Amino acid sequence: IGGVAGSARIGVYGQHQVTNLSAAAALAMAAGVAPDKIWRDLTECKGAWGRMHFAKSKLGFSILFDGY
């Protein structure tokens, strides 16, 4: 981002979310936000409850809940 290397583990899934976050980072850069702050703040991105939400069952397996 802005020539500053970094990585962020985010709590949303799907290639389309990468596109959305890239657009958000570009807008933040255009608004004058520092690249290191953008990298930090990407980790705060979360989807809405019930959209692409992983849960553990009582039997130990994972469930991807994506209802709306």
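**Figure 1. Close-up of Ile38 and the residues around it.** In this predicted model, Ile38 touches Ile1, Ala25, Ala28, Met29 and Val33, leaving out residues up to four places away in sequence. Ile38 is also one of the buried residues of helix H2, which spans residues 35-42. Look for Ala25 and Ala28 beside it: both are contacts of Ile38, and both belong with Ile38 to the largest nonpolar core.

**Figure 2. The buried side of helix H2.** Which residues of H2 are buried? They are Pro35, Ile38, Trp39 and Leu42. Because these residues cover an arc of only 100° around the axis, they sit on the same side of H2. A general rule helps when reading this view: an α-helix has 3.6 residues a turn, so residues three or four places apart point the same way. Among what covers the buried residues of H2 is helix H1.

**Figure 3. The largest nonpolar core.** Here you can find seven residues: Val12, Leu21, Ala25, Ala28, Ile38, Trp39 and Leu42. Two elements, H1 and H2, give two or more residues each to this core. Three of the names will be familiar from the view of H2, since Ile38, Trp39 and Leu42 are also among the buried residues of that helix.

**Figure 4. Ala25, a core residue in helix H1.** Ala25 is part of H1, the helix made of residues 15-30. Is Ala25 buried or exposed? With a relative accessible area of 8%, Ala25 is buried, because the cut-off for that word is under 20%. Setting aside residues up to four places away in sequence, Ala25 touches Ile1 and Ile38. Ile1 is a contact of Ile38 as well. For a sense of distance, find Pro35: ten residues separate Ala25 and Pro35 in sequence, and their C-alpha atoms are 8.4 Å apart in space.

**Figure 5. Val12, a core residue from the segment before H1.** Val12 lies in the segment before H1 and belongs to the largest nonpolar core. Its relative accessible area is 16%, so Val12 counts as buried. Beyond its neighbours within four places in sequence, Val12 is in contact with Gln17, Leu21, Lys46 and Gly47. Of these contacts, Leu21 is another member of the core. Gly2 is ten residues from Val12 in sequence, and the two are 23 Å apart in space, C-alpha to C-alpha.

**Figure 6. Ile10 beside Leu42.** Ile10 is another residue to find in the segment before H1. With a relative accessible area of 25%, Ile10 is partly exposed. Its contacts, not counting residues up to four places away in sequence, are Leu21, Leu42 and Thr43. How many residues along the chain separate Ile10 and Leu42? The answer is 32, while the separation of their C-alpha atoms is 6.7 Å.

**Figure 7. The largest pocket and its lining.** About 230 Å³ of space lies in this pocket. The lining has 14 residues, and those closest to the centre are Gly11, Gly47, Ala48, Arg51 and Met52. Sorted by class, the lining holds six nonpolar, six polar and two charged residues. Helix H1 and strand S1 (53-56) each supply at least two lining residues. Gly47 may be a helpful landmark, as it is also in contact with Val12.

**Figure 8. Ile63 in strand S2.** Follow the chain to S2, residues 62-65, and you will find Ile63. At 38% relative accessibility, Ile63 is partly exposed. Not counting neighbours within four places in sequence, Ile63 is in contact with His53, Phe54, Ala55 and Ser57. Val18 is 45 residues from Ile63 in sequence and 22 Å from it in space, C-alpha to C-alpha.

Notes. Residues are numbered from 1 along each chain as its sequence is written. This is a predicted model: local features need pLDDT of at least 70, side-chain atom pairs count only at pLDDT 80 or more; totals for chains, interfaces and linings use all residues. Side-chain values use heavy atoms; hydrogens and water are left out. Helices (H or I, at least four residues) and strands (E, at least two) are DSSP runs, numbered from the N terminus. Buried means under 20% relative accessible area, exposed over 50%, partly exposed in between (1.4 Å probe, protein chains only). Contact means heavy atoms within 4.5 Å. On a 1 Å grid over the protein atoms alone, a cavity is a set of points where a 1.4 Å probe fits but cannot get out, and a pocket is an open set with protein on both sides within 12 Å along at least five of seven lines; lining residues have an atom within 4 Å of a point. Grid points are joined across faces, edges and corners, and a volume is the space filled by probe spheres set on the points. Ala, Val, Leu, Ile, Met, Phe, Trp, Tyr, Cys and Pro count as nonpolar, Asp, Glu, Lys and Arg as charged, and the others, Gly among them, as polar. The arc is that of the directions from the helix axis to the C-beta atoms. A nonpolar core is a set of buried Ala, Val, Leu, Ile, Met, Phe, Trp, Tyr and Cys residues joined through side-chain atoms within 4.5 Å.
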